[in-house]
Amino acid sequence: MAARPSVLRAAVRVSRPSPCFPSPPSSRPVRLFSTTIHNLQQASTTPGENGATSRNSTTHFGFQDGLSESEKTERVAGVFHSVAESYDRMNDLMSFGWHRVWKDHFVSSLNPGLSSSVPAKPQRILDVAGGTGDIAFRMLHHAHVLNANPSVHVTISDINPSMLAVGKQRSSSLPASQQAALSFLEADATSFGASAVPSDSIDLYTVAFGIRNFSNIPAALSEAYRVLKPGGVFACLEFSKVNNTLFDAVYKRWSFSAIPLIGQLVAGDRDSYQYLVESIERFPSQQHFRRMIEDAGFAVGGQGFEDLTGGIAAIHKGMKPL
């Protein structure tokens, strides 16, 4: 059974910015809600402008253009095979440790497991590119412990078996009830397949620090729309564009100078860390990514995103119309 539409509609509203997570006012008019479904096969802009490509065009890998989608998929797989065991350390380096705070805030803003009925209604969550379990484990704790709803099931999906292996190993430390509510799926987010994830079957789709690595972002958004139930919520946490010029200059200097070097010294892998900082630079701006979510058919409320720590990262949410 789906979670109550009122609960999920509450989740899609972008929370009011707090002092820790400032959000500057949007400078352009925003549609409050749109249910228009645009054609995902339309011609895309250049990869350098928005980080996305159409299904039949080439894509990019960091700053390298002209790759096929399959080639990018293979190269990204190589990066995450390389960094799987040090993934948390990688995120600590790239976010100054703030990724842990952002993830806590992301999950709290979604409030998984909330239900006004007794017994609580079941909810199905799909956590995409979530191999190591960081988001899924937080979701289960929040739903089972804070909201006292043991009827929440989370599927961790990832295209990379090395990342899933880390998540499976870590899940052994969870309480038995949470382990029983957890499953793993090795799949490509641009096409899960109806047998693996049926249409209109998911209450909440989450992806954290993963969508920028997808070979075809519009295809992944379209697939998210397919698998979500009407009233279901798409929620994305991703590195984004810093909104202060001086802060942006300092952050980019750190990203491009220090992070690859630290990756070489700490993990013996400069190239993977170089790709990761380049992938952040190539990802669309907050405003552009919001429009991509709308183009996939999602209803987006208000400005549609919440900046975290000056825009280093941002949370985007959209609801599949009822």
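This is a stop-by-stop tour of selected strands, helices and side-chain pairs in a predicted model.

**Stop 1: strand β9**

Select residues 313-319, which make up strand β9. Seven of its seven residues are buried, and the strand is mostly covered. Now show the side chains. A313, I315, K317 and M319 point one way from the strand, while A314, H316 and G318 point the other way. Both sets are buried. In a regular strand, side chains alternate between the two faces of the sheet.

**Stop 2: the partners of β9**

Add residues 228-239, strand β7. Strands β7 and β9 run antiparallel and are joined by seven bridges. To find one place where the two strands meet, label F239 and look across to A313 in β9.

Next add residues 305-308, strand β8. This strand is also antiparallel to β9, with four bridges between them. Which residue of β9 is the bridge partner of F305? It is H316, one of the β9 residues that point the same way as A314 and G318.

Follow the chain from β8 into β9. The two strands form a hairpin with four residues between them. In the turn, select T309 and check its backbone: phi is positive, about 50°.

**Stop 3: strand β6**

Move to residues 202-208, strand β6, and pick T206, which lies in this strand. Is T206 buried or exposed? With a relative accessible area of 0%, T206 is buried. Its side chain makes a polar contact of 2.8 Å with the side chain of D127. Leaving aside residues up to four places away in sequence, the residues that T206 touches include F106, L110, I125, L126 and V128. I135, M139 and A235 are also among the contacts of T206.

Stay in β6 and select D203. At 1% relative accessibility, D203 is buried. What does the side chain of D203 reach at 2.8 Å? Display the backbone of R124: the side chain of D203 reaches its nitrogen.

**Stop 4: salt bridges around helix α6**

The model has nine salt bridges by the rule used here. Three of them are visited on this tour, beginning with R138 and D104. Their closest N and O atoms are 2.7 Å apart. R138 sits in helix α6 (residues 134-146) and D104 in helix α5 (residues 99-110), so the pair links distant parts of the chain, 34 residues apart. D104 is partly exposed, at a relative accessible area of 41%.

Now select R170 and D134, a salt bridge with its closest N and O atoms 3.9 Å apart. R170 belongs to helix α7 (residues 161-171) and D134 to helix α6, so this pair ties together parts that are 36 residues apart in sequence. The two ends differ in cover: R170 is partly exposed at 27% relative accessibility, whereas D134 is buried at 14%.

**Stop 5: a salt bridge within helix α10**

Go to residues 245-267, helix α10. Select D248 and K252, which form a salt bridge with the closest N and O atoms 3.5 Å apart. Both residues lie in α10, four residues apart, or about one turn of the helix. K252 is partly exposed, with a relative accessible area of 31%. To see salt bridges that share partners, select K103, D134 and R170, which are joined into one network.

**Stop 6: a nonpolar surface patch**

Switch to a surface view and color F96, W98 and V101. Together these three make a nonpolar patch of about 270 Å². V101 is found in helix α5, the helix that also holds D104. At 37% relative accessibility, V101 is partly exposed.

**Stop 7: helix α12**

Finish at residues 286-295, helix α12. How many of its 10 residues are buried? The count is seven, and the helix is mostly covered. Select the buried ones by name: Q286, H288, F289, R290, M292, I293 and E294. Then step past the end of the helix to G297, which follows α12 and has a positive phi, near 110°.

Terms used. Residues are numbered from 1 along each chain as its sequence is written. This is a predicted model: local features need pLDDT of at least 70, side-chain atom pairs count only at pLDDT 80 or more; totals for chains, interfaces and linings use all residues. Side-chain values use heavy atoms; hydrogens and water are left out. Buried means under 20% relative accessible area, exposed over 50%, partly exposed in between (1.4 Å probe, protein chains only). Two strands pair if DSSP finds at least two bridges between them. A salt bridge is a side-chain nitrogen of Lys or Arg within 4 Å of a carboxyl oxygen of Asp or Glu. Patches are made of residues with over 30% relative accessible area and no salt bridge: like charges are joined within 9 Å, nonpolar side chains (Val, Leu, Ile, Met, Phe, Trp, Tyr) within 5 Å. Accessible areas come from the Shrake-Rupley method with a 1.4 Å probe; for residues, only the protein chains shown count as cover. A polar contact is a pair of N or O atoms within 3.5 Å; within protein, one must be able to donate a hydrogen and the other to accept it, and residues adjacent in sequence count only if both atoms are side-chain atoms. Contact means heavy atoms within 4.5 Å.
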